[in-house]
2 protein chains.
Amino acid sequence: MTQTSQVEDLTSAGLEHRIAEQSAPLTNGSSKTNETNGVHTNGIAKHQPGDLDASQLKVTLADPNARQVPDEAAACASFETVCTDHMITVSWSAASGWAAPELKPYGPLSLMPTASVLHYATECFEGLKAFRGFDGKLRLFRPNLNAKRMLMSTLRISLPGFQTAELEKLITKLVAVDGAKWLPKSRPGSFLYIRPSVIGTQAALGVQAPKEALLFITLSFMPRMDSPPGGMRLHTNPEDMVRAWVGGFGYAKVGANYGPSLLATNEAKARGFQQILWLYGSEGYCTEAGASNFFMLWRAKDSEGGKLQLVTAPLDDRLILDGVTRRSVVELAKVRLAGELDVVERKYTIDEVLEASKEGRIVEAFAAGTAYFICPISLIHHRGVDVQIPMGKTGESGNYTAKIKGWMKDIMYGNEQHEWGVVVNDE
Amino acid sequence: MTQTSQVEDLTSAGLEHRIAEQSAPLTNGSSKTNETNGVHTNGIAKHQPGDLDASQLKVTLADPNARQVPDEAAACASFETVCTDHMITVSWSAASGWAAPELKPYGPLSLMPTASVLHYATECFEGLKAFRGFDGKLRLFRPNLNAKRMLMSTLRISLPGFQTAELEKLITKLVAVDGAKWLPKSRPGSFLYIRPSVIGTQAALGVQAPKEALLFITLSFMPRMDSPPGGMRLHTNPEDMVRAWVGGFGYAKVGANYGPSLLATNEAKARGFQQILWLYGSEGYCTEAGASNFFMLWRAKDSEGGKLQLVTAPLDDRLILDGVTRRSVVELAKVRLAGELDVVERKYTIDEVLEASKEGRIVEAFAAGTAYFICPISLIHHRGVDVQIPMGKTGESGNYTAKIKGWMKDIMYGNEQHEWGVVVNDE
């Protein structure tokens with residue numbers, strides 16, 4: 001047994017270093033400035049061969065008359081997701097980096113049966129929406145945050161990095177091309193769902209980082225899920241099912257967080273609940289509601305001042321996703337509800353929720369995420385106990401939930417001009 | 001807050017119940033008898049429409065002259081995995097169950113960009129080998145165990161179940177068809193790698209159990225990895241990387257266990273190690289070596305009798321894979337090394353390994369799995385400390401490791417006639 005050099009935990013440190021490299025434009029060391037603005041200040045970036053480079057995009061347009069835009073309700077009820085006319089694909093190889101991106105007609109991918117993604121879950125994705133505003137304009141909501149998170153996820157799952165501004169440009173381009181037809185001005189207040197993904201495509205069995213990958217972006221219909229009749233009903237996870245763990249990858253948007261959760265979710269659905277409230281550890285810390293972030297609005301105990309608190313799990317132990325909706329709720333509430341309530345990011349347990357319920361201190365609760373947007377929660381079932389959560393006078397949503405949701409909607413659909421609502425010009 | 005019915009942990013109980021249903025032939029309630037024998041006693045099973053049914057196989061043969069069998073070394077060094085002439089595919093839908101299986105020329109799969117497997121890791125697989133014996137016969141090694149584990153994995157990841165005997169028949173058929181050409185009698189002592197997989201194919205975004213799936217089986221070359229020069233060198237996982245956790249899915253062969261492990265494995269490789277020794281919890285329990293099971297052979301402390309012990313992590317907390325090689329080592333050693341050593345399945349920590357090393361009690365160590373077979377371990381690096389492990393007089397392998405490996409090889413390649421070596425007749 002010999003003493004050698006001290007081991008550092010290089011994985012997370014290395015990850016952060018790589019993210020910083022990729023986020024910064026190559027001509028500019030100041031990633032700090034750019035990470036909040038993304039593409040909009042990055043026009044001067046010079047690309048090396050092999051970099052992801054949106055300016056190299058090859059465009060092959062579909063016959064615009066080949067497909068008709070379906071009714072929104074019909075499209076959302078479809079067995080298969082209804083995508084728009086086009087998709088973007090970009091292939092990558094370890095030998096030559098990113099190829100020129102292609103915008104082309106939506107259609108199947110050809111993958112060898114030995115492709116890495118089909119066996120080892122070398123895959124990650126993002127989800128964001130394109131909104132047709134009430135002012136007729138097309139908008140994205142803080143797309144720079146999705147692009148940054150996508151980079152973090154790709155690196156976590158050993159897929160290739162890229163400059164996030166280029167991903168933003170590609171997303172913007174797809175929305176610009178298909179927006180006029182698929183999200184027409186005649187449907188203000190509508191949205192489409194944008195799904196960028198990266199998958200490992202190298203046709204090689206064996207547990208190894210793939211040397212070939214594919215980035216692709218689709219644009220599709222998605223049901224509105226933010227107001228289920230009677231509110232969302234949550235069931236805490238069974239003791240033998242844990243979603244994520246410290247030292248795992250719960251904070252990354254990788255496929256591996258989703259498939260394994262389906263068994264418990266289906267069990268909850270069979271019992272009449274919509275989603276699992278994922279608890280962590282023997283303490284039963286509240287983490288996420290299904291694949292959304294989770295907020296409780298309660299009054300602190302009298303002994304602690306009795307003040308209104310909007311509580312959500314913290315990001316620092318990397319158990320939960322750093323949701324764009326979560327972050328926006330936190331930021332808006334801190335400014336616009338200052339004085340009325342405190343926003344508290346901290347670990348809190350299901351026992352605290354039970355206690356608050358017993359003492360009549362629970363005011364509201366909601367799930368927050370791109371898919372479910374801001375979704376009022378009416379009930380939490382935990383080991384034989386039903387915690388009822390007030391749903392306001394209308395029975396549809398508590399007041400604060402409705403207020404926060406309204407602010408977000410106004411930004412998304414252009415009722416309020418805000419830097420988070422990034423306008424995309426229709427082509 | 002209302003008191004309702006007691007919640008049971010139905011997930012694991014439900015899983016076991018479904019496995020029992022699927023493993024038993026429909027005409028025979030006694031799954032106990034059949035689960036150890038699999039296909040070989042199941043000939044009388046009657047199938048319902050929608051069951052996986054190997055007897056419905058449709059065969060489309062490839063042109064036998066289209067591809068030549070490459071040299072083994074060249075095939076194993078290939079950037080892409082070299083598969084044989086054929087593959088088997090079986091599609092499934094929630095509406096109509098399993099379709100007729102197809103044996104057809106090996107080639108790409110067509111998947112929509114929105115296919116479940118590409119986003120949510122709805123995927124699982126098995127790995128086993130076909131051996132060309134020194135007696136000229138083709139053999140599988142305990143394929144019933146792989147088929148059973150595959151069923152457990154498919155159900156864990158919310159993919160469709162099947163009767164395991166049918167999967168065994170399909171595997172056998174593919175090996176029978178391609179064995180004569182691709183694993184010829186002129187190459188005794190060679191093997192091919194069999195990879196059955198099930199993936200979720202429904203082209204629908206949204207986190208839900210896929211309503212369409214595809215089972216496919218390929219047969220390919222794989223490098224021999226059981227004797228790296230100087231033995232396998234392990235690096236314990238960095239503190240910020242945990243492979244599996246209690247309540248997770250470490251025991252199932254699902255893609256989600258593999259992709260997330262690549263970052264730490266690559267880091268270890270960059271430092272000159274082959275694999276990660278995955279520790280669990282603050283105690284640092286030894287669990288797996290890379291994607292293989294892990295065995296230590298040491299002398300117990302003098303105070304505990306000083307007897308030779310072959311120690312490996314237990315299955316009961318479901319952190320580790322119930323490896324076929326692991327199980328076979330345990331079973332063989334218990335019988336053939338009785339009196340010489342004790343086989344001990346228990347939790348043990350890296351600190352026990354360090355202590356045994358300090359006290360000179362470590363005798364041997366090896367990884368055990370289908371890919372790495374029985375692979376001698378020469379070193380474990382843990383937080384700045386190198387634990388050297390004896391590699392026998394030749395420096396290639398300890399004696400017990402070599403002895404166990406020899407027994408296994410003899411069964412696989414027909415030097416010993418044994419019920420674990422299941423003969424497949426060439427077609």
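A polar contact is a pair of N or O atoms within 3.5 Å; within protein, one must be able to donate a hydrogen and the other to accept it, and residues adjacent in sequence count only if both atoms are side-chain atoms. The model is predicted, so local features need pLDDT of at least 70, side-chain atom pairs count only at pLDDT 80 or more, and totals for chains, interfaces and linings use all residues. Residues are numbered from 1 along each chain as its sequence is written, chains are lettered from A and ligands numbered from 1 in the order in which they are written, and side-chain values use heavy atoms, with hydrogens and water left out.

**Exercise 1. Describe the surroundings of B:E166.**

Step 1. Place the residue: B:E166 belongs to helix α6 of chain B, residues 164-182. Helices (H or I, at least four residues) and strands (E, at least two) are DSSP runs, numbered from the N terminus.

Step 2. Classify it: B:E166 counts as buried because its relative accessibility is 2%. Buried means under 20% relative accessible area, exposed over 50%, partly exposed in between (1.4 Å probe, protein chains only).

Step 3. List its neighbours: leaving aside residues up to four places away in sequence, B:E166 touches B:H47, B:L52, B:D53, B:A54 and B:S55. Contact here means heavy atoms within 4.5 Å.

Step 4. Look at the side chains: those of B:E166 and B:H47 make a polar contact at 3.2 Å.

**Exercise 2. Describe how domain 1 of chain A meets domain 2 of chain A.**

Step 1. Set the bounds: domain 1 of chain A covers 47-220 and domain 2 covers 232-412. Such bounds come from an automatic or database domain assignment.

Step 2. Take the distance: the centres of the two domains, over C-alpha atoms, are 29 Å apart.

Step 3. Count residues and area: 19 residues of domain 1 are in contact with 20 residues of domain 2. Together the domains bury about 1,800 Å², with 64% of it on carbon and sulfur atoms. Buried area is the accessible area (1.4 Å probe) that two parts lose on being put together, summed over both. On the side of domain 1, A:F141, A:R149 and A:R156 lose the most area, together 34% of what that side buries.

Step 4. Find the charged pair: the count between the domains is one salt bridge. A:E331 and A:R142 meet in a salt bridge through their side chains (3.1 Å, N to O). The term requires a side-chain nitrogen of Lys or Arg within 4 Å of a carboxyl oxygen of Asp or Glu.

Step 5. Add the polar contacts: nine residue pairs are found across this interface, both residues at pLDDT 80 or more. At least two residues each come from β7 (123-125), β8 (128-132), β9 (138-141) and α5 (143-156) on the side of domain 1. Among the elements of that side, α5(A) gives the most, with six residues.

**Exercise 3. Describe the interface of chain A and chain B.**

Step 1. Count residues: 90 residues from chain A and 90 residues from chain B take part in the contact.

Step 2. Give the area: about 7,600 Å² is buried between the chains, and carbon and sulfur atoms give 60% of it.

Step 3. Count the pairs: there are zero salt bridges across this interface, while 30 residue pairs are in polar contact, both at pLDDT 80 or more.

Step 4. Name the main contributor: helix α7 (residues 262-270) of chain A supplies the largest share of chain A's side, six residues.
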